[in-house]
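Me: I should like to learn how the packing of helices is read from a structure. Please take me through an example.

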Amino acid sequence: MKFLSRRRLTALCLKETRQILRDPSSGVIAFILPMILLVIFGYGLNLDTTRLRMGLCDEDGGPVAASFTAKLTGSTYFEIFPGSRAELDALLETGGIRGYAVLAQDFSRIVDQGRETAPIQVITDGAEPNTANFMAAFMKNVWQEWRQTRAKDQGRDAVQGARVEVRYWYNAAAISRHYLIPGSITIIMTVIGAMLTSLVVAREWERGTMEALLASPVTRAELLLSKLLPYYVLGMISMSVVALSAVHLMGVPFRGSVGALLLVTTVFLLSMLGIGLLISSVMRNQFDSAQTTLNVAFLPAVMLSGAFFVIASMPAPVRALTYLLPPRYLVSSLQTIFLAGDVWEILLPDILFLTGTSVLFLTLTALKTVRRLDA
């Protein structure tokens, strides 16, 4: 008997393809769920600070304080709510504002004396540290700009200080969506690769069709390839749809090459397909397979891949664990391809690791798949 018969392999692939077309869940997982996740991650998850609600307590009431207040009000980042300390404390407690600034009663006098600092107190909601830090930094910048403008208006030399000009390489507009969406594509491909194939072999056992396959002259290699190839094609089609949607519908730049994207996606998808098939072969139950895949593949991809949470900020043991997870390397590669281009110094190590994990998981699946019912 041939180790690999093209006729038998073709027949098995056609059988699996018909099952995919007849099974509504395959279409939902491959096409509908990815678009839902892409919309959620692309529009629902936004790290950009656009319009924060901020209070202002002007205890000075003079023209100098009014000038500074006008500077704050003209900002596009904040919506200013004037009020007393008691009123602003109540708003801060109920979440109506994220913080407020207090201009002390001697604000104008201290400014007129030309002091370097002025009594401005910034009170923020510490429950959101990032927002609090942003508000504190914003007040410092507004204070410096206002002093520069005031000095020029009065015909005096502007206050000298360091002038910082910031340039954002690869993401000039500093839009968080541009690097979040490549990371979210990793989550989507993890769901497609692992979740779809984790149900394949288990479904055969539950329906009793595995016994018929084992009784036929089908070899182990043919059985695994017939489960692998159709879902690989399905995954690549889904990747194409998601990538095109990210670029043309959400405006994410694509500076790399299609070839690099296909290569990285192929080795990652084979790795996820191997994990799914391995889980399905071990569990032999669709519910157990789906739950195991959720814990083994999906959750680590969300939490530890670097798609949404910075790996450098994680504890050392957790950082070490991330080096063993394939999604970490796809996040790195996709963000490079979309935002920077084909930087092979980054892509090649990622591709080599993903190739190694693909070989590992597919080999383990082949070893676990035996032609015995009691195995």
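Reply: In this structure, α10 and α11 are oblique to each other, because angles under 35 degrees count as roughly parallel, over 145 as roughly antiparallel, 65 to 115 as roughly perpendicular and the rest as oblique. Helices (H or I, at least four residues) and strands (E, at least two) are DSSP runs, numbered from the N terminus. The model is predicted: local features need pLDDT of at least 70, side-chain atom pairs count only at pLDDT 80 or more, and totals for chains, interfaces and linings use all residues. Residues are numbered from 1 along each chain as its sequence is written, and side-chain values use heavy atoms, with hydrogens and water left out.

Me: At what angle do α10 and α11 pack, and how far apart are their axes?

Reply: Two packed helices are described by the angle between their axes and the distance between the axes. Axes are lines fitted to C-alpha atoms, for helices over the stretch in contact, and angles run from 0 to 180 degrees between N-to-C directions. For α10 (residues 220-248) and α11 (residues 258-283), the angle is about 135 degrees and the axes are 10 Å apart. Among the residues in contact (heavy atoms within 4.5 Å) are Tyr-231 and Met-239 of α10 and Leu-262 and Leu-269 of α11.

Me: Which residues of α14 and α15 meet, and how are these two helices arranged?

Reply: Helix α14 (residues 326-340) and helix α15 (residues 344-368) pack at about 150 degrees, with axes 9 Å apart. The two are therefore roughly antiparallel. Tyr-329 and Leu-330 are among the α14 residues that meet α15, whose partners include Phe-353 and Leu-354. This contact comprises eight nonpolar, four polar and one charged residue; Ala, Val, Leu, Ile, Met, Phe, Trp, Tyr, Cys and Pro count as nonpolar, Asp, Glu, Lys and Arg as charged, and the others, Gly among them, as polar.

Me: How confident is the prediction, on average, for the protein chain?

Reply: Where pLDDT is low, the predicted coordinates should not be read in detail. This score is the predictor's confidence in each residue, from 0 to 100. The protein chain has a mean of 83, and 91% of its residues reach 70 or more. Confidence is lowest in helix α9 (residues 209-215), at a mean of 72, and highest in α14, at 93.

Me: Where does UniProt place the feature "transmembrane region"?

Reply: The unreviewed UniProt entry lists several spans, including residues 28-45 and 294-316. Residues 28-45 are 94% helix and 0% strand, with end C-alpha atoms 22 Å apart. Residues 294-316 are 52% helix and 0% strand, and their end C-alpha atoms lie 24 Å apart. UniProt positions are given in the numbering used here, feature names are shortened, and annotations may be inferred rather than shown by experiment.
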